[in-house]
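Here's a friendly walk through one protein chain. Take a look at it first, then read on.

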Amino acid sequence: MTKAETVRKYFIDNPNATVDDAVENLASAGLDKRSININLKRDIERGNAIANVDGTFDYTLLTDAKMKAADLLAWKQEIRQALVEQLLDANKVVLGHFWGNTKTKKTIANDFNQATHDCLHTSSHSDNVLPHNA
């Protein structure tokens, strides 16, 4: 873990801590007051933290952003899974037509396009493809 990550983690885990508290507790990690202040200043400039008037530091902006990013990633994964399932359903329809009948390539392609269209517009997964707050 880098020095900046160590400082961030300390203030996230100890929201009521001041710089003096951090100096005492992070000395074993090789962090002095100057390096702690430098890391705090950088985080404030980047919008990751807010300096409170009581000498504490608020990192909720950073933790909220990480949670939102994780939620977005999970939502995108759900979308991908739903799309894969739709394509698999469409392929089953096409393969069923292909193996059940002797059709030309053009007919098979038309059946595939129609099955894909039908799956995309009538899928049982359509309820799950929008975010919960949309």
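What follows goes from the whole chain to the packing of its helices.

This is a predicted model, where local features need pLDDT of at least 70, side-chain atom pairs count only at pLDDT 80 or more, and totals for chains, interfaces and linings use all residues. Residues are numbered from 1 along each chain as its sequence is written, and side-chain values use heavy atoms, leaving out hydrogens and water.

The chain has five helices and two strands, in the order α-α-α-β-β-α-α from the N terminus. Helices here are DSSP runs (H or I) of at least four residues, and strands are E runs of at least two, numbered from the N terminus.

| Whole-chain item | Value |
|---|---|
| Buried share of the 134 residues (buried: under 20% relative accessible area, 1.4 Å probe, protein chains only) | 25% |
| Exposed area (Shrake-Rupley, 1.4 Å probe) | about 9,600 Å² |
| Part of that area from carbon and sulfur atoms | 57% |

Now for helix H2 (residues 19-26): its buried residues are Val19, Ala22 and Leu26. They sit on the same side of H2, because they cover an arc of only 55 degrees around the axis, going by directions from the helix axis to the C-beta atoms. In general, an α-helix has 3.6 residues a turn, so residues three or four places apart point the same way. The buried residues of H2 pack against helix H1 (3-13), helix H3 (33-45) and strand S2 (57-58).

How do H1 and H3 cross? Their axes (lines fitted to C-alpha atoms over the stretch in contact, with angles from 0 to 180 degrees between N-to-C directions) come within 10 Å and cross at roughly 80 degrees. That makes H1 roughly perpendicular to H3 (65 to 115 degrees). Lys3, Ala4, Val7, Arg8 and Phe11 in H1 meet Ile36, Asn39, Leu40 and Asp43 in H3, a contact being heavy atoms within 4.5 Å.

Terms used: Buried < 20%, exposed > 50% of the residue type's maximum accessible area, 1.4 Å probe, protein only. Parallel < 35°, antiparallel > 145°, perpendicular 65-115°, else oblique.
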